[in-house]
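Trainee: Could we go through a protein structure together, one question at a time?
Mentor: Happily! Have a look at it first, and then ask away.

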Amino acid sequence: MKPAAYSFGLIGYPLGHSLSPRLHAAALRSVDLAGEYRLLPIPPNTEGGDAIRDLLEQLRSGELHGLNVTIPHKQSVLPWLDELTPVTRATGAANTLFHRNGRLTGDNTDAPAFLTTLHTLGLLNGVTGTENEPPLGLILGAGGAARAVSHALLSAGWSVAVAARRMDQARQLAGKFAGALQPPAPLALEPEAIGGFVASNRVVLIVNATPLGMSPQAEVSPWPTGLSLPSRAFVYDLVYNPPETALLRAARAAGLTGINGLPMLVEQAALAFECWTGLSPSRQAMLDAVRT
Ligand code: NAP
């Protein structure tokens, strides 16, 4: 039965600049539902674990109707759940929690959101590969978002390389997808390694899955200094503040196209909202709510 007013929240730390309350307020308005979306800052310590378990009980009892999870709890929350969706198992991280059929379930809407934005914005038009040589994406960073993007691209038949400043993290990510037809290639996020890799001219997508370039360090780029961007690549920066990051500016200067992470942020929130309410909110209304 539909509640008179929905109660959603976001667990994470810190949460000061989260756009999620505005996104979900717009989503609720767009389907004519009442409700609230609260920020629930919980630091990563022992008391934080107790606070999260309390919130999960509220989800189980129906006091809360949905929770989002962000850094640093996306992975640590998993053992307290009854069920993980296949994408959550594959990525090892949940960003959306709900209670259905008596089970607390963890989902990950980042991976489908990334893929949906590539499709809906027409970014995959004209990108082709062959069975032996599928399109190749280079992901910068090897944390939670890089796992979601790797899963999304691999499931769409792409091959993927992951470049991280810590090789062990890049190898760990590659190991997570060792069962894929073509497991990710781990790389060092260094000029020589990246330069050698992109020289083949096969890279058609670059994804920034590091926080580099995010305000207030807006002038920092994850791309190695002095190295040209691959001439055929589309550049997807998961950072959305500022709207044009240093990486996107460099892409534009090189005559390449790119987008920031705002459409993905909207889509992952819309997919979470669909999990919680069964209704499809207006993506445009959500985008307008955070673009102003
Ligand atoms: P995460 O799990 O903390 O991973 C961050 C990755 O970036 C790690 O590999 C980290 O390496 C690397 N990194 C951090 N600082 C670096 C530096 N100075 N130089 C090189 N590498 C560095 O974070 P995440 O959840 O994957 O998020 C990554 C970014 O994506 C964030 O900016 C986040 O806001 C954004 N994001 C956007 C969306 C969206 O919807 N648009 C969704 C998810 C994430 P170390 O482990 O060595 O620090």
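The questions below go through the sheets, a strand, two residues, the ligand and a helix.

Trainee: Before we start, what kind of model is this?
Mentor: Good thing to ask early, as it tells you where the coordinates come from. This is a predicted model.

Trainee: In what order do the strands of the open sheet with parallel pairing stand?

Mentor: This open sheet has six strands, and their pairing is parallel. Its edge strands are strand 9 (185-188) and strand 12 (258-259), each of which pairs on one side only. Reading across from one edge to the other, the order is 9-8-7-10-11-12.

Trainee: How many bridges join strand 7 to strand 10?
Mentor: Strand 7 covers residues 136-140 and runs parallel to strand 10. Two pairs show you the match: L138 stands opposite I206, and L140 has N208 as its bridge partner. The number of bridges joining strand 7 to strand 10 is five.

Trainee: Which residue of strand 11 is the bridge partner of V207?
Mentor: Strand 11 spans residues 234-237 and runs parallel to strand 10, with four bridges between them. Look along strand 11 for the residue paired with V207, and you find Y236.

Trainee: Is strand 10 largely enclosed or exposed?
Mentor: Let's check its residues, 203-208, against the cut-off for buried, which is under 20% relative accessible area. Six of the six residues of strand 10 are buried. That is why we can call strand 10 largely enclosed by the rest of the structure.

Trainee: Is N208 buried or exposed?
Mentor: N208 lies in strand 10. Its relative accessibility is 0%. Because buried means under 20%, N208 counts as buried.

Trainee: Which backbone oxygen lies 3.2 Å from a polar atom of the side chain of N208?
Mentor: The side chain of N208 has a polar contact of 2.8 Å with the side chain of T210, but you are asking about a backbone atom. Apart from neighbours within four places in sequence, N208 is in contact with residues including P222, D237 and L247. The backbone oxygen at 3.2 Å belongs to L212.

Trainee: What is the relative accessible area of T210?
Mentor: T210 sits in the loop between strand 10 and strand 11. Leaving out residues up to four places away in sequence, T210 touches L140, G141, P222 and V239. T210 is buried, and its relative accessible area is 13%.

Trainee: Which strands stand at the edges of the open sheet with mixed pairing?
Mentor: This open sheet has six strands in the order 2-1-3-5-6-4. Each edge strand has a single partner strand, so one side of each is left without a neighbour in the sheet. The edges are strand 2 (35-41) and strand 4 (83-84).

Trainee: In which sense do strand 3 and strand 5 pair?
Mentor: Strand 3 holds residues 66-69, and strand 5 holds residues 96-100. L67 stands opposite L97 in strand 5. Over two bridges, the pairing of strand 3 and strand 5 is antiparallel.

Trainee: How much of the ligand's area does the protein bury?
Mentor: Start with some atoms that meet the ligand's oxygen atoms: a polar backbone atom of A145 is 2.7 Å from one, and a polar side-chain atom of R166 also lies 2.7 Å from an oxygen atom of the ligand. Taken alone, the ligand exposes 910 Å². Of that area, the protein buries 78%.

Trainee: How many residues of the shell around the ligand are charged?
Mentor: There are 21 residues around the ligand, and A145, R165, R166, Q169 and G261 come nearest. Helix 5 (144-155) and helix 9 (262-277) each supply at least two residues of the shell. By class, the shell has twelve nonpolar and six polar residues, and its charged residues number three.

Trainee: Which helices and strands do the buried residues of helix 4 pack against?
Mentor: Helix 4 covers residues 110-120, and its buried residues include A111, F114 and L118. These buried residues pack against helix 3 (86-91), helix 5, strand 10, strand 11 and helix 9.

Trainee: Which residue just after helix 4 takes a positive phi?
Mentor: Step just past the end of helix 4 and look at the backbone angle phi. A value of about 70° appears there, and the residue is G122.

Key: Residues are numbered from 1 along each chain as its sequence is written. This is a predicted model: local features need pLDDT of at least 70, side-chain atom pairs count only at pLDDT 80 or more; totals for chains, interfaces and linings use all residues. Side-chain values use heavy atoms; hydrogens and water are left out. Buried means under 20% relative accessible area, exposed over 50%, partly exposed in between (1.4 Å probe, protein chains only). Two strands pair if DSSP finds at least two bridges between them. A residue is near a molecule or strand if one of its heavy atoms lies within 4 Å of it. A polar contact is a pair of N or O atoms within 3.5 Å; within protein, one must be able to donate a hydrogen and the other to accept it, and residues adjacent in sequence count only if both atoms are side-chain atoms. Accessible areas come from the Shrake-Rupley method with a 1.4 Å probe; for residues, only the protein chains shown count as cover. Ala, Val, Leu, Ile, Met, Phe, Trp, Tyr, Cys and Pro count as nonpolar, Asp, Glu, Lys and Arg as charged, and the others, Gly among them, as polar. Contact means heavy atoms within 4.5 Å.
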